[in-house]
Amino acid sequence: MQRLIIRSLEQWKQKQNRKPLIIQGARQVGKTWIMKHFGQHHFQQVAYINFDNNARMNTLFSGDYDINRLLLGLKIESGVDIQSDNTLLIFDEIQEVPQALSALKYFYENAPQYPIMAAGSLLGISMHHQQSFPVGKVEFLTMYPMDFREFLLAMNQEALLSLLLNQDWSMIQVMKMRYIDLLRQYYFVGGMPEAVQTFIATQNMAEVRQVQRNLLLAYEQDFSKHIADKQTVQRVRQLWYALPEQLAKENKKFVFSQIKQNARSKDYEIALQWLKDSGLIHMVPRIKKPNLPLNAYQDNAFKLFCLDVGLLVTQSHLDASVLLEGNRLFTEFKGALTEQYVLQQLLSLQDHPVFYWVNERGMAEVDFVIQRKQGIVPIEVKAEENLKSKSLKVYVEQFEPERAWRFSMADYREQDWLINCPLYALSAVI
């Protein structure tokens, strides 16, 4: 499979002042695979070291941070004669040896010629609690599940993707039903690599669903495995299980009292942070005023989304038969799946955080708001072809943005400040 993050890795490799690269992301999004794949295709050698349950590496990094001593140990462990000009060093499951995270600082300061990539399960949580993290001495890159572009590539639909990248709207419209069928499949399969591979190999939705169930079970087992406090484990589970129900609401603002009577946000602060650090949820904060920087205008309200649309479908127990029933899939849960899909694409296509807007009276809401270069773009999401956007009209009349986007199942159309774009062609305009 092709992962478009490769382009960012190639840019990292060519940097003159290259720092060790930490790839962040939830479990099973493909971090280990992409590091090995990149190393095999862009270096003569790959020295792969897995720190999970590795007493030798624990001992090696428990000593001093002398680079020559560390390199000798890494050469012995990997069985590779590590050379700075032709070898990629990969530190996998690096969170299992916190001293190895700290050592990245010394590699950057004393041996920057050695290219190093690092990743690990729940690395975000480990970094959050790591006291001696090498701030300013490493680079970060976040890896997400496969987006719709990557799904098209995996399905051998390079020609359809090419039409999107070239913005060939006349041909895109001709192929509209092909795109819609593939988008239906993506809604169910999602972007977790194992689920996509299973779908390609078997074309069996039941087997895909089993893969997704196994992934969800593995995530839930992590709650108990990596959280010591039983009360926090319980609250993490409550938040996790509440996602589909909260997204099914017309007003998708996350409400703690709907989890448990009299529940308060401060009771769930640790649980919420754990799920965010693990990469399992995405928080979209609310803003009352769309000014730069957007994060300066956010308040305490937010929407919570899942890691992946296919996993949300599985959590919601949505049957695969909806794929055979026209546009019903795109209207399930009052557009929750469509908002989940759009957010996933926004996160993978651009680097800025995503917000949503509500006016002071609470009578108008714009689904997403992002920074675009030096401007701010409101985004309306429609699950069908309905193009009535009262909230977007309120926003535009009040703030007069240079442009706005509406994503729906309708065809591409430009109307002064408003761009109407099909959901399947989102990547063509972002």
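This passage describes the nonpolar cores and one sheet of a predicted model. Local features require pLDDT of at least 70 and side-chain atom pairs pLDDT 80 or more, while totals for chains, interfaces and linings use all residues. Residues are numbered from 1 along each chain as its sequence is written, and side-chain values use heavy atoms, without hydrogens and water.

The largest nonpolar core (buried Ala, Val, Leu, Ile, Met, Phe, Trp, Tyr and Cys residues joined through side-chain atoms within 4.5 Å; buried means under 20% relative accessible area, 1.4 Å probe, protein chains only) holds 111 residues. W240, F368 and F407 have the most contacts inside it. Helix α10 (residues 176-189) supplies the largest share, 8 residues. Helices are DSSP runs of H or I with at least four residues, strands runs of E with at least two, numbered from the N terminus. The core lies between domain 1 (4-142) and domain 2 (148-428), because both give residues to it. The domain bounds come from an automatic or database assignment. Another core, of 29 residues, lies apart from it; F61, L104, I116 and A118 are among its members.

Eight strands form an open sheet of mixed pairing, in the order β7-β6-β8-β9-β10-β11-β13-β12. Strands pair if DSSP finds at least two bridges between them. The edge strands, β7 (298-306) and β12 (413-415), each pair on one side only. The twist averages 30° from one strand to the next. Axes are lines fitted to C-alpha atoms, for helices over the stretch in contact, with angles from 0 to 180 degrees between N-to-C directions.

Strands β6 (residues 281-287) and β8 (residues 355-358) pair in the parallel sense over 2 bridges. R286 stands opposite Y356 in β8. Helix α14 (residues 269-277) packs on the sheet and touches β6 and β7, contact meaning heavy atoms within 4.5 Å. The direction of α14 makes about 115° with that of β6.

Methods
Buried means under 20% relative accessible area, exposed over 50%, partly exposed in between (1.4 Å probe, protein chains only).
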